[in-house]
Amino acid sequence: MGAIASRSFSKEPAPSKRARERERREGREGREGVGTDQFSRGNGARVGLDGQGPARLLERLTRIRPDSHRVVSCYLKLEPRDRSRGKYLIKLKNRIKAAVRGLPRLGLDRDISEPVLRDLNRIQQFLRTSGNLPSTQGVAVFACERIELFEAVALPVVHRSRLAIDGTPLVRELASVEDEFGRLLTAVVDRASARFFEVTAYNTRELPGLRSNSTRGKRFHGDQDGSGGWGEHTYNNRIRQEKQRHYEAIARELFTIDRRQPAHGIVLAGPGPEAGAVKPFLHTYLTERLIGTARLNPKNVTLSAVHDTTLAVREEYERASERALVHEMLEGLGTGWGVNGLTPTLRALSRGQVRSLLVDADASQPGFRCGDSGRLALNERECRGEGEPIPILDLVDDAIEEALRQGVDVNVVYEPEARVAIDGLGGLLRFR
């Protein structure tokens, strides 16, 4: 799994022949690497999977200077529930319609707004073709007709589907996705063997595994001649001890791997109950970071299957964490350690108080950014004394971008019962 390494369309100095050859060679090497996949798509964009893609794209995007022109940034969730019956496309169309309706309030000249409308249409046309979609759970697209920019990059996760029109590409989420995802360890085990994998946002790498000696057999059968065989109790006890030694060896190996480079989370997988059976043997230090179990068979598992399964386990873990965070926020309202609602949360965010931002997945609200302070505000009056109010299409999307800039933990809440408790935005504070 990896990121889409798309062709750059931004106006930059033309690369030399040697640089072009090096770039082609690097792209070819990336395609030949473990776990990579690359494919070309139409509509003016080349789309592929390459672990180095996001870094190169991020470098290009941060160099872009569109002057008075506007860049359209689109992040789109592509989880299985989003792909079902084309739900992702419905969300995209709704956001584009909202952007078109809100475009006049940005006060752009006609020669700027019309290219933006064409960029919105280009993005919609590109993403409506299912063949242009990556196999990952998210995608980001950046477009600006006036500087010939159209970039698409696959992402393993996306906070929420959002669309922004700004003077620069919104790249905070692209820049932070690998750090936020972290490094996970996945152990795929059965009765006699274990395979270990290092899973990051864009890649999966297999580590050295282990294999234990085991008694191969099924149900106990006494010897037909009645002599020289094991008793049933001894036979079953031996198998039980072999399993315990095997699980202990797996736990020790996980601990050793983690000591070399600590992981953000542990996933245990197996064809049956073996995955859960390893848990009691884990060191307490690792048990605290166990995020879930899954069903995989070490005999035929692939890097792609490990990556997809690990992402699914992580997603389920995140949903459970959402409920806990919302509960903590509600409890914190009475003690001053939590905020709920757009205005108090934006105020706390502007002061650097927020340690964890909670976002209602469906929340949307137009607003302003104060010209001098950069603070987000619901209305123009709140910017009094802080510079000219600059209209923005969606306060919630800009709050996510601001939180990412500050290094705040962003949690977009999708779990229905937890989401209804959030009044658009909420947060847990690091100081009062």
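Start with the whole chain: buried residues make up 50% of its 432 residues. Buried means under 20% relative accessible area, exposed over 50%, and partly exposed in between, with a 1.4 Å probe and protein chains only. This is a predicted model, where local features need pLDDT of at least 70, side-chain atom pairs count only at pLDDT 80 or more, and totals for chains, interfaces and linings use all residues. Residues are numbered from 1 along each chain as its sequence is written, and side-chain values use heavy atoms, without hydrogens or water.

**The whole chain**

Colour by secondary structure. The protein chain has 13 helices and 19 strands. These are DSSP runs numbered from the N terminus: helices are H or I with at least four residues, strands are E with at least two. Turn on the surface. Its accessible area comes to about 21500 Å², and 47% of that belongs to carbon and sulfur atoms. Areas come from the Shrake-Rupley method with a 1.4 Å probe; for residues, only the protein chains shown count as cover. Now consider contacts (heavy atoms within 4.5 Å). Of those with a separation of 6 or more, 72% join residues 24 or more positions apart.

**Stop 1: H4 and H5**

Select helix H4, residues 87–102, together with H5. Their axes lie 11 Å apart, at an angle of about 175°. H4 is therefore roughly antiparallel to H5. From H4, the contact uses Tyr88, Leu89, Leu92, Lys93, Ile96, Ala99 and Val100. From H5 come Leu117, Leu120, Gln124, Leu127 and Arg128. Axes here are lines fitted to C-alpha atoms, for helices over the stretch in contact, and angles run from 0 to 180 degrees between N-to-C directions. Angles over 145 degrees count as roughly antiparallel, under 35 as roughly parallel, 65 to 115 as roughly perpendicular and the rest as oblique.

Stay on H5, residues 110–128, and pick Ile112. Ile112 is buried, at 10% relative accessible area. Beyond its neighbours within four places in sequence, Ile112 is in contact with Ser68, His69 and Arg70. Add Arg146, 34 residues from Ile112 along the chain; their C-alpha atoms are 8.8 Å apart.

**Stop 2: two positive phi values outside glycine**

Most residues other than glycine have a negative phi. Select Arg85, in the loop between helix H3 (80–83) and H4. Its phi is positive, about 55°, although Arg85 is not a glycine. Arg85 is exposed, with a relative accessible area of 81%.

Go next to Glu148, in the loop between strand S5 (138–144) and strand S6 (149–155). Glu148 also has a positive phi of about 55° without being a glycine. At 49% relative accessibility, Glu148 is partly exposed.

**Stop 3: H6**

Select helix H6, residues 172–181. Its buried residues are Glu173, Leu174, Ser176, Val177 and Phe181. Gly182 follows H6, with a positive phi near 75°.

**Stop 4: Glu322 in H10**

Select Glu322 in helix H10, residues 303–333. Glu322 is buried, with a relative accessible area of 3%. Setting aside neighbours within four places in sequence, Glu322 is in contact with Val412, Val413, Tyr414 and Glu415. Zoom in on Tyr414: its backbone nitrogen lies 3.1 Å from a polar atom of the Glu322 side chain.

**Stop 5: Gln353**

Select Gln353, in the loop between helix H11 (342–350) and strand S14 (354–360). Gln353 counts as buried, at 8% relative accessibility. Not counting residues up to four places away, Gln353 touches Ala348, Leu428, Leu429, Arg430, Phe431 and Arg432.

**Stop 6: Ile392 and H12**

Select Ile392 in strand S17, residues 389–392. Ile392 is buried, at 10% relative accessible area. Leaving aside neighbours within four places in sequence, the contacts of Ile392 include Arg105, Leu106, Pro366, Phe368 and Asp398. Show Gly102 too: it is 290 residues from Ile392 along the chain, with 8.6 Å between their C-alpha atoms.

Finish on helix H12, residues 395–406. Its twelve residues should span 16 Å at 1.5 Å a residue, and the end C-alpha atoms are indeed 16 Å apart. The expected span is 1.5 Å times one less than the number of residues. Ten of the twelve residues are buried, among them Asp397, Asp398, Glu401 and Glu402. Asp394 caps the N-terminal end of H12, with a side-chain oxygen 2.9 Å from the backbone nitrogen of Val396. Just after H12, select Gly407, whose phi is positive, about 80°.

Conventions
A polar contact is a pair of N or O atoms within 3.5 Å; within protein, one must be able to donate a hydrogen and the other to accept it, and residues adjacent in sequence count only if both atoms are side-chain atoms.
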